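Biologist: I should like to go through this structure with you, point by point. Please give the reasoning behind each reply.

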Amino acid sequence: MPEVNVEINGRTYRMACEEGQQQHMIGLAKRLNEQVEGMKGAVGEIGANRVKGIAGIGMVDEWGEAESKQAVVRD
């Protein structure tokens, strides 16, 4: 299984992914890192785990909104 190195909140993580999905995984990590950096800018320096959690919740909220809009379009 291929592995990629991604950077989130200034730390490098090695992650496994399916063959052919390396660039996709790198892109996802980049988006998460952008969310984390945005949160740090908004709330200042707080613990790494807390800022990742806040960024993750923000992304899940965006997905929920997108799913709701998609459901309206289908109806």
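Biologist: Is Arg14 buried or exposed?
Modeller: This is a predicted model, and the values are computed from it. The relative accessibility of Arg14 is 64%. The cut-off for an exposed residue is over 50%, so Arg14 counts as exposed.

Biologist: With which residue does the side chain of Arg14 meet in a salt bridge?
Modeller: A search of the whole structure finds 1 salt bridge. The pair links distant parts of the chain, with one partner in strand β1 and Arg14 in strand β2, 11 residues apart. The N to O distance is 3.3 Å, and the partner of Arg14 is Glu3.

Biologist: Which residue of β2 is the bridge partner of Val6?
Modeller: Strands β1 and β2 (residues 11–16) run antiparallel and are joined by 6 bridges. Asn5 stands opposite Arg14 in this pairing. For Val6, the bridge partner in β2 is Tyr13.

Biologist: Which side chains of β1 point to one face and are buried?
Modeller: In a regular strand the side chains alternate between the two faces of the sheet. Strand β1 shows this alternation: Glu3, Asn5 and Glu7 point to one face and are not buried. The side chains that point to the other face and are buried are those of Val4, Val6 and Ile8.

Biologist: What is the count of buried residues in β2?
Modeller: Strand β2 has 6 residues and is hardly covered. Arg14, which lies in strand β2, is exposed at 64% relative accessibility. The count of buried residues in β2 is 0.

Biologist: Which residue in the hairpin of β1 and β2 takes a positive phi?
Modeller: Most residues other than glycine have a negative phi, and most peptide bonds are trans. The hairpin has 2 residues between its strands. One residue in the loop between β1 and β2 has a positive phi of about 55° although it is not a glycine. With a relative accessibility of 15%, it also counts as buried, and it is Asn9.

Biologist: Which residues does Ile8 touch, not counting residues up to four places away in sequence?
Modeller: Ile8 is found in strand β1 and, at 9% relative accessibility, counts as buried. Its C-alpha atom is separated by 22 Å from that of Glu19, 11 residues apart along the chain. The residues that Ile8 touches are Tyr13, Ala29, Leu32, Asn33, Val36 and Lys52.

Biologist: Is Asn33 buried or exposed?
Modeller: Asn33 lies in helix α1. Leaving aside neighbours within four places in sequence, Asn33 is in contact with Glu7, Ile8 and Asn9. Its relative accessible area is 18%, and the cut-off for burial is under 20%. Asn33 is therefore buried.

Biologist: What is the relative accessible area of Arg31?
Modeller: The place of Arg31 is also in helix α1. The C-alpha atoms of Arg31 and Ile8, 23 residues apart along the chain, are separated by 9.4 Å. Arg31 is partly exposed, with a relative accessible area of 46%.

Biologist: Which elements give two or more residues to the largest nonpolar core?
Modeller: The largest nonpolar core has 9 residues: Val4, Val6, Ile8, Cys17, Met25, Ala29, Val36, Val51 and Ala55. The elements that give two or more residues to this core are β1 (3–8), α1 and α2.

Biologist: With which residues is Met25 in contact, leaving aside its neighbours within four places in sequence?
Modeller: Met25 is one of the residues of the largest nonpolar core. Val4, Val6 and Cys17 also belong to this core. The contacts of Met25 are Val4, Val6, Met15, Ala16 and Cys17.

Biologist: Which element is included in what covers the buried residues of α2?
Modeller: An α-helix has 3.6 residues a turn, so residues three or four places apart point the same way. In α2, Val51, Ala55 and Met59 are buried. What covers the buried residues of α2 includes α1 (22–43).

Biologist: How far apart are the end C-alpha atoms of helix α2?
Modeller: Helix α2 comprises 27 residues (residues 48–74). At 1.5 Å a residue, helix α2 should span 39 Å. The computed separation agrees, because the end C-alpha atoms are 39 Å apart.

Biologist: Which element of the chain has the lowest mean pLDDT?
Modeller: The mean pLDDT of the chain is 85, and 97% of its residues reach 70 or more. Among the elements, β1 has the highest mean pLDDT, 94. The lowest, 81, belongs to α2.

Note on methods: Residues numbered from 1 in each chain as written. Predicted model: local features only at pLDDT ≥ 70, side-chain atom pairs only at ≥ 80, totals over all residues. Heavy atoms only, no water. Helix = DSSP H or I, 4+ residues; strand = E, 2+ residues; numbered from the N terminus. Expected span 1.5 Å × (residues − 1). Buried < 20%, exposed > 50% of the residue type's maximum accessible area, 1.4 Å probe, protein only. Contact = heavy atoms within 4.5 Å. Core = buried A, V, L, I, M, F, W, Y, C linked by side-chain atoms within 4.5 Å. pLDDT = per-residue confidence, 0-100. Pairing = 2+ DSSP bridges. Salt bridge = Lys/Arg side-chain N within 4 Å of Asp/Glu carboxyl O.
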